[in-house]
Amino acid sequence: MIVLNGGSSSGKSGIVRCLQAVLPEPWLAVGVDTLVDAMPASMQASDTGIEFAPDGEVNVGPEFRALEAAWIEGVAAMARAGAGVIVDEVFLGGAESQRRWQKALDGVGVLWVGVRCESEVAAAREVARGDRVTGMAASQADLVHRGVFYDLEVDTTRSESMECARIIADRVE
């Protein structure tokens with residue numbers, strides 16, 4: 001299993017697509033956006049679900065955490081069943097977010113990858129994408145990495161997704 005953690009618009013999704021192209025075996029790609037999209041719309045604007053503030057801050061409540069815990073266990077089950085899984089994540093809680101994954105992935109071989117990108121570059125990508133709340137990239141650029149342990153870090157500020165994917169693929173056992 002490969003877990004990519006980085007802020008919004010840091011380049012994780014591009015790296016995931018490139019990893020799927022360069023890894024010799026097929027790998028499934030799942031991400032926190034998949035989880036959010038799967039939730040009822042009512043939870044995407046609720047203090048018990050997930051809220052996206054006008055300044056880009058993201059707040060999650062207890063109902064979100066409960067569904068997230070089930071989703072993480074499901075992703076872990078896919079890896080335990082033999083599927084190669086690449087997770088595109090945003091550790092809003094830094095080290096605490098990583099601990100939730102570590103608990104679920106106990107006994108699973110995991111490559112923990114930090115995806116960094118300078119805040120200004122990520123913010124420019126955010127504007128170009130047009131599908132994110134302005135300010136999300138800047139608010140998450142450093143926050144998601146606080147206290148998190150990585151086996152490998154890549155920086156997409158000046159590196160293309162394929163270059164980062166090849167670096168990661170070289171570390172996959």
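At 67% relative accessibility, Arg158 counts as exposed, and this residue is a convenient place to enter the model, which is a predicted one. The side chain of Arg158 meets that of Glu118 in a salt bridge, with N and O 2.8 Å apart. Glu118 lies in the loop between β6 and α5 (119–129) and Arg158 in the loop between β7 and α7 (161–169), so the pair ties together parts that are 40 residues apart in sequence. Glu118 itself is partly exposed, with a relative accessible area of 34%.

Across the whole structure, the search finds six salt bridges. Another of them links Glu68 with Arg100, and here the closest N and O atoms are 3.5 Å apart. Because Glu68 belongs to helix α3 and Arg100 to helix α4, this pair ties together parts that are 32 residues apart in sequence. Glu68 is buried, at a relative accessible area of 5%, whereas Arg100 is partly exposed, at 25%. A bridge within helix α4 joins Arg99 to Glu96, the closest N and O atoms being 3.1 Å apart. These two residues are three apart in the helix, a separation of about one helical turn. Arg99 counts as partly exposed at 45% relative accessibility, and Glu96 is partly exposed as well, with a relative accessible area of 38%.

Turning to the aromatic rings, the count comes to two pairs. The rings of Trp71 and Trp101 have centres 5.7 Å apart and planes at 80 degrees; since an angle over 60 counts as edge-to-face, the pair falls in that class. Trp71 is in helix α3 (residues 62–80) and Trp101 in helix α4 (residues 95–104), so the contact ties together parts that are 30 residues apart in sequence. Trp71 is buried, with a relative accessible area of 17%, and Trp101 is buried too, with a value of 1%.

The other pair consists of Phe91 and Trp112, whose ring centres lie 6.5 Å apart with planes at 55 degrees, so the arrangement is tilted. Phe91 is found in the loop between β5 (84–89) and α4, and Trp112 in strand β6 (residues 111–116), so parts 21 residues apart in sequence are tied together. Both partners are covered: Phe91 is buried at 1% relative accessible area, and Trp112 counts as buried at 8%.

Strand β5, which precedes the loop of Phe91, is mostly covered, six of its six residues being buried. Gly84, Ile86 and Asp88 point one way from the strand, while Val85, Val87 and Glu89 point the other way. Strand β1 (residues 2–5) runs parallel to β5 and is joined to it by four bridges, with Val3 opposite Val87. Strand β2 (residues 27–31) also pairs with β5 in the parallel sense, over five bridges; there, Trp27 stands opposite Gly84.

A final site of interest is His145, placed in the loop between α6 (136–140) and β7 (152–155). His145 is buried, with a relative accessible area of 6%. Leaving aside neighbours within four places in sequence, His145 is in contact with Asn5, Gly6, Gly114, Val115, Arg116 and Tyr150.

Conventions
Residues are numbered from 1 along each chain as its sequence is written. This is a predicted model: local features need pLDDT of at least 70, side-chain atom pairs count only at pLDDT 80 or more; totals for chains, interfaces and linings use all residues. Side-chain values use heavy atoms; hydrogens and water are left out. Rings of Phe, Tyr and Trp (its six-membered ring) pair if their centres lie within 6.5 Å; planes under 30 degrees apart count as stacked, over 60 as edge-to-face and the rest as tilted. Buried means under 20% relative accessible area, exposed over 50%, partly exposed in between (1.4 Å probe, protein chains only). Two strands pair if DSSP finds at least two bridges between them. Contact means heavy atoms within 4.5 Å. A salt bridge is a side-chain nitrogen of Lys or Arg within 4 Å of a carboxyl oxygen of Asp or Glu.
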